[in-house]
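Take a look at the structure below and turn it around a bit. Then we'll walk through a few spots together.

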Amino acid sequence: MPVESGSSAAARQAKQKRKSHSLSIRRTNSTEQERFGLQRDMLEGQSSDKLDSLSRMEDSKLPLSMRSNLLDLFSQIEREFENLYIENLELRREMETLNDRLAADGQTLEGADLAKGALKTKASHSTSQLSQKLKTTYKASTSKIVSSFKATTSRAVCQLVREYVGHRDGIWDLSVSRTQPVVLGTASADHSAMLWSIETGKCLLKYVGHQGSVNSIKFHPTEQMALTASGDQTAHIWRYMVQLPTPQPVADVSQTPCEDDVEFSDKDEADGEVEGPNDCPSVRLATTTLRSHQGVVIAADWLLGGKQVVTASWDRAANLYDVETSELVHSLTGHDQELTHCCTHPTQRLVVTSSRDTTFRLWDFRDPSIHSVNVFQGHTDTVTSAVFTVGDNVVSGSDDRTVKVWDLKNMRSPIATIRTDSAVNRISVSVTQKVIALPHDNRQVRLFDMSGVRLARLPRSNRQGHRRMVCCSAWCEDNATCNLFTCGFDRQAIGWNINIPALLQEK
């Protein structure tokens, strides 16, 4: 048997080492390749959704610039959500830290009476700061949710009783007479004012003495006289004599809870010409014409006793007239922009004027020698109306979508604030029920109590309710059939029967 030399054995061992080394290198390379392959697969898996979205975007028919804008917007939204999530986590950590610190302070400071009060004050201050931050952060998002839970168990019942149709244009204002016979008066943009039978819905009289839009109507407290303000820069006082027709039975309208709100298409609305009452007598001449304004007279009202009237105009002034002589007694100036409304107190010689300058002013004529004025600055947009209650309160409505209740004895801040979702027009307050009726631009009418609690919302559907902006509301305390009237730019006035349970009124 041949014997292998030492040199050949050494050569063979070196060859085997080189072979094993090459195998280990190949194994290492294959392991690294597998690891890199896995990483590549993971990256491809993570970006598969983005590639799919990009491919879908490429298949889209949208222009390239629009697709790029969409991708940028989605990226911004994602970053915003990430920032919100991070802030939420940090806020939670701060709350946990504060709770731990308060717990530790309570355990270690039982015997330190002197330092205990200071640390408790500091902890209370930190807690109040955090609470305020939480309130500020979530107030806007939760206000609607909280308001939805304010519904009471007993619901007011609202019934549409009568519709008063005959005007050829929108109705700006309406009022109920204070003397017998009790009639409803409406002022319209069709240059006329009409008197209606509340029970039958029939037109009793039509005043056509103005040359412009009739913007308001108010009845004398003791006589059968009406006061109208117009866009022809005048206010008219005219007498009326009407005879009420025989009442007709009220149509059988089922009682409807006041929260019904069925939306409908504008196509369903009847916008055709409404034929006016042909057999309605008319009055063309005014007993008294009040002239001195240099702009549209937007509103007018009788002062206590009915011997003087006040008018509000777009010339930024309110004028006080003597009814018997038609002479201008006082010109009430001070508003920076056009006036929108004026109202008088039912039992005192007080006047309140509203303006587009976001304020309303209280004018005091109780002392003939001193005519004081107070300015209310609580709104951020046009004050559309401000009205008195029987007590010492004033209620103001605004285009800033709020209604505020003020105390005449403390006029620095409102005692109640009502926040709504639409601009508020000419409001009215029920004397007996102490309920505020809010007509809105969005065709809704809502009822609130004096503390700001919502009581009801008048039903509106394709069969009943207003189809356009609701301009004004007026209560009638002495009528059992209709105790609330509303008018709007759908050319009609509506009489409602509102039954508010005593439980709701107490709340």
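Which residues of S3 sit on one side and which on the other, and are they buried or exposed? Val183, Gly185 and Ala187 lie on one side, Leu184, Thr186 and Ser188 lie on the other, and all of them are buried, leaving both faces of S3 covered. Keep in mind that this is a predicted model. Strand S3 runs over residues 183–188, and 6 of its 6 residues are buried, so the strand is largely enclosed by the rest of the structure.

**The partners of S3**

Who are the neighbours? Strand S2 (residues 171–176) pairs with S3 in the antiparallel sense, and strand S4 (residues 193–197) does so too, as the table shows.

| Strand pair | Sense | Bridges | Residues between the strands |
|---|---|---|---|
| S2 and S3 | antiparallel | 5 bridges | 6 residues |
| S3 and S4 | antiparallel | 5 bridges | 4 residues |

You can pick out single partners here. Gly185 in S3 is the bridge partner of Ser175, while Val183 stands opposite Ser197 in S4. In the hairpin of S3 and S4, check His191: this residue takes a positive phi near 75°.

**Two nonpolar cores**

In soluble globular proteins, nonpolar side chains tend to be buried together. Here the largest nonpolar core has 25 residues, and Phe360, Phe388, Val395, Ile436 and Leu438 are the ones with the most contacts inside it. Several strands give two or more residues to this core, among them S17 (350–355), S18 (360–367), S21 (393–398) and S25 (435–439). The largest share comes from S20, with 4 residues. There is also a second, separate core of 19 residues, which includes Val161, Trp196, Ile198 and Cys280.

Let's zoom in on Phe388 from the largest core. Leaving out residues up to four places away in sequence, Phe388 touches a whole list of others, including Cys343, Pro346, Leu350, Val352, Leu362, Val394 and Leu408.

**Two buried polar residues**

Now for Ser313, which lies in strand S13 (residues 308–313). Is Ser313 buried or exposed? Its relative accessibility is 0%, so Ser313 counts as buried. The side chain of Ser313 reaches the backbone oxygen of Gly295 at 3.4 Å. Beyond four places in sequence, Ser313 also touches residues including His293, Val297, Glu338 and Leu339.

Asn483 sits in a loop instead, between strand S28 (470–475) and strand S29 (484–488). With a relative accessible area of 11%, Asn483 is buried, because the cut-off for that is under 20%. What does the side chain of Asn483 reach at 2.9 Å? The answer is the backbone nitrogen of Ile498. Ile498 is also among the contacts of Asn483 outside its neighbours within four places in sequence, and so are Gln433, Trp475 and Trp496. Here's one more to find on the screen: Ser430 is 53 residues from Asn483 in sequence, and the two are 9.1 Å apart in space, C-alpha to C-alpha.

**A hole inside**

How many cavities of 30 Å³ or more does the structure hold? There is 1, and the volume of the largest cavity is about 40 Å³. Its lining includes Arg443, Val445, Leu458, Pro459, Arg460 and His466. Trp496 is part of that lining as well, and you've already met Trp496 as a contact of Asn483.

Conventions: Residues numbered from 1 in each chain as written. Predicted model: local features only at pLDDT ≥ 70, side-chain atom pairs only at ≥ 80, totals over all residues. Heavy atoms only, no water. Buried < 20%, exposed > 50% of the residue type's maximum accessible area, 1.4 Å probe, protein only. Contact = heavy atoms within 4.5 Å. Polar contact = N/O pair within 3.5 Å; in protein donor to acceptor, adjacent residues only side chain to side chain. Core = buried A, V, L, I, M, F, W, Y, C linked by side-chain atoms within 4.5 Å. Pairing = 2+ DSSP bridges. 1 Å grid on protein atoms, 1.4 Å probe; cavity = no way out; pocket = protein on both sides within 12 Å on 5 of 7 lines; lining within 4 Å. Points joined across faces, edges and corners; volume = space filled by probe spheres on them.
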